[in-house]
Amino acid sequence: MRRRIEVDTYHAFFWRLIKSHGYLVGLPRRLRVLAPPDEAVVLSAIRSQFPAKGLSVEQRTARLSAIDAERMRLAMIEGRVCFDYYARFAGDLLHRSARLGRLVGTMYPYVILDEFQDTNASQWRVVQALGTHSTLAALADPDQRIFDWLGADPERLAQFRAAFNPEVIDLTNSNYRSSGTDIARFGDDILSGEFRQRSYVGVDIATFRAFQAPALTKLVTTVYAARSRMSSSGLSGWSVAVLVPTKKMTRIVSEALSHPPSGLTPVAHVAALDMEAAVLAAEVIAWVIQPGATNSHCQLFIELVCNFYKGKGGGEPTRAALDEARRIEAAHNEYL
């Protein structure tokens, strides 16, 4: 039975669909993934034409239109498809080809959609097509919608009810992840900004003086305690997460865990950061450690360094980074 269950992300499912059948909507037969770091580099020339901040409505519209046109050209002409367009092309395929829709419905008669409240308009369009031939189950929590900035719509659950008239099962009071505690209620109260209890079972609040050394020491010792509790619980596959609000705070916390104050033992961890800069820097380093002394080797090194500055800011490159890339290119051309 387990062999008949397939677990996948939206993007992986969409990619397989357009990789096999994308030619039906005009995509080239040979397709490649345009990863976010490479996409940032390719689109940097367009983004550099507009101010980094303070765009007017007209400028923002023109910027988005130019980016959309270039993404479409990359996909339709060069066969390089960015992540944001997977759902768009998958939706086109399923809505235009009834035969393909029936085929997918035969392969996946039952589809469970996790975190459904975070689907954007393009993904919802695919779901609508899937629902024609498959039985859908949407798992969603309207209070946990975190992808508004990517197009998640607060009306998505109402749209699902209107489209499919599903049986609704309310699991608000069911808590299998932290049963016997008030952690879920505490999280709901944080979201609402109204605390309904004076204390919460399973939730402790620790305070510290607002100075860096005591604060970081408290952070590290709190991680020690959490790790000790999980280790002695007898559970397998556990992890401890430290949530922070900004990129700068991520760096500070990561450095504190790697080099804790007061001679404390370092904590092995992985910092979750935007990957564009890391990936592009890795490409530069990988090229440098390869043998080669030809002019072409040097030329590609310069291109990779410029790509780092063009793409390290992702979708919001800074003017300083783009200017640095131009200066490096100009200096290299002058040297040649």
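**View 1. Strand 3, helix 6 (residues 121-133) and strand 4 form a right-handed β-α-β unit.** Right-handed here means that, with the strands pointing away from the viewer, the path from the first strand over the helix to the second runs clockwise. Helices (H or I, at least four residues) and strands (E, at least two) are DSSP runs, numbered from the N terminus. This is a predicted model, where local features need pLDDT of at least 70 and side-chain atom pairs count only at pLDDT 80 or more, while totals for chains, interfaces and linings use all residues. Residues are numbered from 1 along each chain as its sequence is written, and side-chain values use heavy atoms, with hydrogens and water left out.

**View 2. Strand 3 (residues 110-113) runs parallel to its partner, strand 4 (residues 135-138).** The two are joined over 4 bridges; strands count as paired if DSSP finds at least two bridges between them. Looking for one bridge to pick out? Leu113 has Ala138 of strand 4 as its bridge partner.

**View 3. Helix 3 (residues 57-76) has a buried side.** Its 20 residues reach 28 Å from first C-alpha to last, close to the 28 Å expected at 1.5 Å a residue (the expected span is 1.5 Å times one less than the number of residues). Arg63, Ile67, Glu70, Arg71, Leu74 and Ala75 of helix 3 are buried, that is, under 20% relative accessible area, with exposed being over 50% and partly exposed in between (1.4 Å probe, protein chains only). These buried residues sit on the same side of helix 3 because they cover an arc of only 135 degrees around the axis, taken from the directions from the helix axis to the C-beta atoms. Turn to the face away from that buried side and you meet the exposed residues Val57 and Glu58.

**View 4. Strands and helices cover the buried residues of helix 3.** The cover includes strand 1 (32-34) and helix 2 (36-47), plus strand 2 (80-82) and helix 4 (86-96). Contact means heavy atoms within 4.5 Å.

**View 5. Cys82 and Cys306 are both buried.** Cys82 has a relative accessible area of 2%. A search of the whole structure turns up 0 disulfides, a disulfide being a pair of cysteine sulfur atoms within 2.5 Å. Cys306 is in no disulfide, and the nearest cysteine sulfur, that of Cys298, is 11 Å away. The relative accessibility of Cys306 is 1%.
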